[in-house]
Amino acid sequence: MAKVELKQPVVDAIAEEIKDAQSVVLVDYRGLTVAQDTELRKQLREAGIVYKVYKNTMMKRAFEGTEFAGLDDCLKGPSAIAISKDDATAPARIICNFAKTADKLELKGGVVEGNVYDVAGLTELSKIPSREVLLSRLLGSMQSPITNFARVIKQIAEKDGETAEAPAESAEAPAEAAE
């Protein structure tokens with residue numbers, strides 16, 4: 001059996017992984033300790049991101065004819081790939097945050113929603129909060145005016161109640177004094 005035939009299933013597996021991906025990020029993982037690599041993999045797995053190490057030639061073949069072909073220039077040296085099918089910014093966000101503590105981890109480049117980004121672009125994308133955080137902020141900003149309106153109405157009602165009770169008490173006081 002030829003070597004190409006042995007490698008084709010791996011290329012097909014990579015192509016299948018990236019088929020419906022919203023984002024793909026390539027990193028250089030050299031210099032990470034086993035503990036750091038394990039922690040990175042755990043964080044990525046919890047976010048639903050596939051993180052694997054493949055040979056550059058196999059990734060290059062899998063990228064041919066896809067929107068990820070722009071990453072061919074990044075495929076130099078050891079490369080690991082992080083693939084997300086749900087949250088487009090999650091791989092960049094998690095890897096950039098992790099790279100703050102593990103200085104050996106280096107971003108190489110990535111594709112997010114069809115656009116190729118370099119390291120600087122991925123770093124900027126990593127600053128975008130997750131979808132859940134953005135939705136909670138939106139919900140909070142939508143609820144804020146309603147909540148404030150309810151507070152004001154309650155304060156007005158309490159204030160009117162106090163002024164209504166005060167004259168009633170003063171009316172009773174002279175009646176008691178007259179007796």
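**Entry: E113**

I looked up E113 and found it in the loop between β4 (106–112) and β5 (115–117). The model I am reading is predicted. I then checked the backbone angle of E113. Its phi is near 50°, which is a positive value in a residue other than glycine. I noted for comparison that most residues other than glycine have a negative phi. Is E113 buried or exposed? E113 counts as exposed because its relative accessibility is 56%, and the cut-off for exposed is over 50%.

**Entry: K108**

I moved to strand β4, where K108 is found. Is K108 buried or exposed? K108 is buried, since its relative accessible area is 15% and buried means under 20%. I also looked up how far K108 lies from L71. The two residues are 37 apart along the chain, and 8.9 Å separates their C-alpha atoms.

**Entry: the whole chain**

I stepped back to the protein chain, which has six helices and five strands. Reading from the N terminus on, I wrote the order of its elements as α-β-α-β-α-β-α-β-β-α-α. What share of the 179 residues counts as buried? I noted 31%.

**Entry: the patch with V152**

I looked for nonpolar residues on the surface. F149, V152, I153 and I156 form a nonpolar patch there. Together these four residues have about 380 Å² of accessible area. I picked V152 from the patch and placed it in helix α6. V152 is partly exposed because its relative accessible area is 42%, a value in between the cut-offs of 20% and 50%.

**Entry: the largest pocket**

I looked up the largest pocket last. How much space lies in it? I noted about 200 Å³. Its lining is made of 15 residues, and those closest to the centre of the pocket are D86, D87, A88, R131 and E132. Which elements give two or more residues to this lining? They are α4 (90–101) and α6 (131–178). Helix α6 therefore appears twice in my notes, as the place of V152 and as a contributor to the pocket lining. I sorted the lining by class as well. I wrote down six nonpolar, three polar and six charged residues.

Methods
Residues numbered from 1 in each chain as written. Predicted model: local features only at pLDDT ≥ 70, side-chain atom pairs only at ≥ 80, totals over all residues. Heavy atoms only, no water. 1 Å grid on protein atoms, 1.4 Å probe; cavity = no way out; pocket = protein on both sides within 12 Å on 5 of 7 lines; lining within 4 Å. Points joined across faces, edges and corners; volume = space filled by probe spheres on them. Helix = DSSP H or I, 4+ residues; strand = E, 2+ residues; numbered from the N terminus. Nonpolar A, V, L, I, M, F, W, Y, C, P; charged D, E, K, R; others polar. Buried < 20%, exposed > 50% of the residue type's maximum accessible area, 1.4 Å probe, protein only. Patch = residues over 30% accessible without salt bridge, like charges linked within 9 Å, V, L, I, M, F, W, Y side chains within 5 Å. Areas by Shrake-Rupley, 256 points an atom, 1.4 Å probe, with all protein chains shown as cover. Salt bridge = Lys/Arg side-chain N within 4 Å of Asp/Glu carboxyl O.
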